[in-house]
Amino acid sequence: IESGYFREMFIASEIVASCALSDKGRVFLQPLLESGTLDFLLESDNTEISSGAASAVAKLGMSSKLVPKDEGEMVSMLQLAIDLLYDNHQGSEDQTSIERGVEILSFLTSVTMIKDELAHGFKSSNRLQQTAPALERLVELASLSGAPESRYAYGLAVAFSLMSVSVESLRKEAFEGKDITLEEYNQLQSLAKTQEEKQQSQKEEDKDSEVSVRARIRKMAAANVPRAIVKLLDGDASESTQEQLVIAMCRMAVEETARGIMIQQGCLTSCLKMDKDMGNGSELQKKIVRFCRHCIAKLLITTNPLVLTNAQLLGCIKPLLLLLHDNDSTDLQRFEALLSLTNLASTGEATKNKIVSEKGLSILNYAMFSEHEMVRRAATEAMSNLFPHCDFVSFLEAPEHLKLWVAFACDFEDNFECPRAAAGCL
């Protein structure tokens, strides 16, 4: 590392970058970082040497509390990563620098400050390069021919998905389906933390608030990130890459003002295509399809159905009903699917016919008995929007069904909104 010779330093740089990928390897690298030995590689004028060391430091920083996350150091690594994205060796087809740059970024984007810098137009300060904002460069790379099959596709997908989520939301997602809740875990962790560590943790969460995340998503939509995601999904990307891309779309669809842009840039069509083509093979494929259906649900909650093509309008109904009927779906996914179906059912006879023909009556009726009161309310509203379809009227005329609806309408003391929807339909 300290030899000063290019070949030896380059090999050492690649070794430390590879070692940082595993827990066992990181144990050996920690002393090199703490002693300042890696600084010889980081400060090299040759990007092939410095990029490997920067990649190792980024991986160490994300996995170890011992590595200081100084803002100046973070910005320096971000600067190096962006420079690598433009370093194509004078037009050659070698993508090694681009791959390393994206790799570093995919680790750095777990830091709130880096996410904000990228979203708000961070540019390289290298005067030798006339660069566009870094986010635009990522979109450009995703749009290149062969990008979905490239080695950096997964890194782009991870960067986009991390930019569109808060630290708190990531932690909540990690505890879904676990025996312990996030709140219980936080209480246990707080017992072992000093007051200073608690304040630092709270400060980090405040920086990455819901307002900040939504602002980032708006910037991402304006920079055509949805189109970049669609470009990557249209190719032959790996299933791991596809998973991160559909997660990114789901997270971006949280912001209402971005939904129209996402539909215009092909997110809805891409989700419908994946839902149709992928099927239910492996567990990962089922998970990807579920995320696609959830993204469809989020996009259509507030979107005016009249702006959709007839194929999109009718094509969305089956995936939404399948998401609602899926035993592995969360209450949130079911609730948002129901809101979208309520929106679609309001457009006219064609959508009502489609819902009924896809066994929607039985699926919606089953959802009315969910343990979650908001799911029950949304299911009742969706059913009510099927009126005056003849099949729904016949369904409601059956004595056993009518009695249940009257019972729903009378149960206004505990949950007013659900009985109001049932009473309105009656």
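1. In this predicted model, Arg377 sits in helix α24, which covers residues 373-384. Although arginine carries a charged side chain in name, the point to record here is its cover: Arg377 has a relative accessibility of 14% and therefore counts as buried, the cut-off being under 20%. Once its neighbours within four places in sequence are set aside, the contacts of Arg377 are with Phe335, Glu417 and Cys418.

2. Glu243 can be read alongside that case. Its place is in helix α15, residues 239-252, and its relative accessible area of 13% puts Glu243 in the buried class. Beyond four places in sequence, Glu243 is in contact with Leu284, Lys287 and Ile288.

3. Glu99 belongs to helix α6, which runs over residues 96-108, and with a relative accessibility of 18% Glu99 also counts as buried, because the limit for that class is under 20%. Apart from neighbours within four places in sequence, Glu99 is in contact with Arg151 and Tyr152. A separation in space can be added for the same residue: the C-alpha atoms of Glu99 and Leu156 are 9.7 Å from each other, while the two residues are 57 apart along the chain.

4. Helix α7, made of residues 112-119, is mostly covered, with 6 of its 8 residues buried. The buried positions in α7 are Thr112, Met113, Ile114, Lys115, Leu118 and Ala119. Just after α7 comes Gly121, whose phi is positive, at about 90°.

5. Two residues that are not glycine deserve a look at their backbone angles, given that most residues other than glycine have a negative phi. Asn224 has a positive phi of about 70°; Asn224 lies in the loop between α13 (210-222) and α14 (225-234), where a relative accessible area of 29% makes this residue partly exposed. Lys359 likewise has a positive phi, of about 65°, and is found in the loop between α22 (349-357) and α23 (360-367). With a relative accessible area of 63%, Lys359 is exposed, since that class begins over 50%.

6. The peptide bond between Phe387 and Pro388 is cis, with omega at about 10°, and Pro388 is placed in the loop between α24 and α25. For context, most peptide bonds are trans. A reader checking the backbone may wish to view this loop together with the helix that follows, which is the topic of the next point.

7. How many aromatic pairs does the structure hold? The count is 1, and the pair consists of Phe392 and Phe395, which are stacked with 6.5 Å centre to centre and 20° between the planes. Both residues are in helix α25 (residues 390-397), and because they are 3 residues apart there, about one helical turn separates them. Phe392 is buried, at 0% relative accessibility, and Phe395 counts as buried too, at 14%.

8. On the surface, Leu402, Val406 and Leu426 make a nonpolar patch of about 230 Å². Leu426 is found in the segment after α27 (417-425). Is Leu426 buried, partly exposed or exposed? With a relative accessible area of 47%, Leu426 is partly exposed, because that value lies between the limits of 20% and 50%.

9. For the chain as a whole, the model has 27 helices and 0 strands. Of the 426 residues in the protein chain, 49% are buried, and the accessible surface comes to about 21,200 Å², with 52% of that area belonging to carbon and sulfur atoms. When contacts between residues at least 6 apart in sequence are considered, 69% of them join residues at least 24 apart.

10. Confidence should be kept in view when the points above are used. The mean pLDDT of the protein chain is 82, and 83% of its residues reach 70 or more. Over residues 89-93, however, pLDDT stays under 50, and for this stretch the model has 3 contacts beyond four places in sequence.

Note on methods: Residues numbered from 1 in each chain as written. Predicted model: local features only at pLDDT ≥ 70, side-chain atom pairs only at ≥ 80, totals over all residues. Heavy atoms only, no water. Helix = DSSP H or I, 4+ residues; strand = E, 2+ residues; numbered from the N terminus. Buried < 20%, exposed > 50% of the residue type's maximum accessible area, 1.4 Å probe, protein only. Contact = heavy atoms within 4.5 Å. pLDDT = per-residue confidence, 0-100. Phe/Tyr/Trp six-rings, centres within 6.5 Å; stacked < 30°, edge-to-face > 60°. Patch = residues over 30% accessible without salt bridge, like charges linked within 9 Å, V, L, I, M, F, W, Y side chains within 5 Å. Areas by Shrake-Rupley, 256 points an atom, 1.4 Å probe, with all protein chains shown as cover. Salt bridge = Lys/Arg side-chain N within 4 Å of Asp/Glu carboxyl O.
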